[in-house]
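Here is a short report on a protein–DNA model. The structure comes next, then the notes.

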Number of protein chains: 2
Amino acid sequence: MEQIADAEDLAQVLRGASLRVTRPRVALLAAVHDHPHADTDTLIRAVRVALPEVSHQAVYDSLHALTGAGVLRRIQPNGSVARYEARIDDNHHHLVCRSCGAIADVDCAVGDAPCLTAAHDHGFAIEEAEVIYWGRCPTCAATSAPTP
Amino acid sequence: MEQIADAEDLAQVLRGASLRVTRPRVALLAAVHDHPHADTDTLIRAVRVALPEVSHQAVYDSLHALTGAGVLRRIQPNGSVARYEARIDDNHHHLVCRSCGAIADVDCAVGDAPCLTAAHDHGFAIEEAEVIYWGRCPTCAATSAPTP
DNA sequence: TCACCAAACTTGATTAATTCAAGAATCGCC
DNA sequence: GGCGATTCTTGAATTAATCAAGTTTGGTGA
């Protein structure tokens, strides 16, 4: 549970996004940095280590505010609950383990804004491509079970 | 609400996947063919047009069975509920509208099993790549609102 | 430094999607 | 046609997330 960035840095991130700096938000940002790809429940618990009295609603509100401002990114692989990550402005994608649900980051192979060209865009104005690689993490791949 | 494939064809699909052929399952398969990318609630309603007495649980069970057998594919773009599609064995991806949630299919630009090479796989055994293109559908793009 | 006010937070209830569980009905095989 | 396992019905329970009303707090301008 180490603090990767100090409170003042995180406050700057919030100010930079025109968001008010509150204790719950700073604690939440720290929690997301500490627990990449964590779900909401994990984040609530992590925030409460620093601020025991924070309500779950404050965390939900903050997650929405920070996600809306582009400070956090929400991801939600197929049967999973919502998870959040401190979004760096790179264009990275995710590896998800079918067995244990572990998530890892992968840089995009093609470039900075790749995959943005679909074969046939049906008239859609495409803004972003999200890629999820499904497979088995090293630990689960080593386990006997061939395919769960 | 036209039947795209007749009941016997759908029954064959089920038998081919070693699944028992039941009225709810056949009706569900037909419903998924008729309503591509529909959510569970829509499918329950569609199934009940043909079989009014079907329980929601039967639909949930059938969706799990057919998804597990590879006859259907479950997709769930970021804040959306689960949606299902009759999975043809091609490797196609999805266009999702950020405004209205509309989903369209896109063939994969790169080939049959593309994108399967990530820059750095972290030791994962990658089996499949899922791509979601986020943007705005023609209708929503035409609407004044620049970004919702 | 102080006071104000909108934004953010607390508290507590509510919704929506999905799952769990026990017993009845049905499918496929013999 | 009858048997046994699977599937379906019924109804309750869980979980994630949202809604709503009232209180507190951060930031701005006096």
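## Terms and model

A residue counts as near a strand if its C-beta atom, placed from the backbone, lies within 6 Å of that strand. The model is predicted.

## Surface near DNA strand C

There are 23 residues around DNA strand C. Those that come nearest are A:Thr22, A:Ser55, A:Ala58, B:Val21 and B:Ala82. Four helices give two or more residues each to this surface: H2 (23–34) and H4 (56–68) of chain A, and H3 (40–50) and H4 (56–68) of chain B.

H4(A) gives the most to the surface near DNA strand C, with five residues. By class, this surface holds nine nonpolar, seven polar and seven charged residues.

## Surface near DNA strand D

DNA strand D also has 23 residues around it. Here A:Val21, A:Ala82, B:Thr22, B:Ser55 and B:Ala58 come nearest. Chain A supplies at least two residues from each of H3 (40–50) and H4, and chain B does so from each of H2 (23–34) and H4.

Which helix gives the most to the surface near DNA strand D? H4(B) does, with five residues. The classes near DNA strand D are nine nonpolar, seven polar and seven charged.

## Fold of chain A

Chain A has five helices and six strands. Along the sequence they follow the pattern α-α-β-α-α-β-β-β-β-β-α.

Chain A has 148 residues, and 26% of them count as buried. Take the contacts in chain A between residues at least 6 apart in sequence: 46% join residues at least 24 apart.

Definitions and conventions: Residues numbered from 1 in each chain as written. Chains lettered and ligands numbered in written order. Predicted model: local features only at pLDDT ≥ 70, side-chain atom pairs only at ≥ 80, totals over all residues. Nonpolar A, V, L, I, M, F, W, Y, C, P; charged D, E, K, R; others polar. Buried ≥ 20, exposed ≤ 12 C-beta atoms within 10 Å, placed from the backbone. Contact = placed C-beta atoms within 7 Å.
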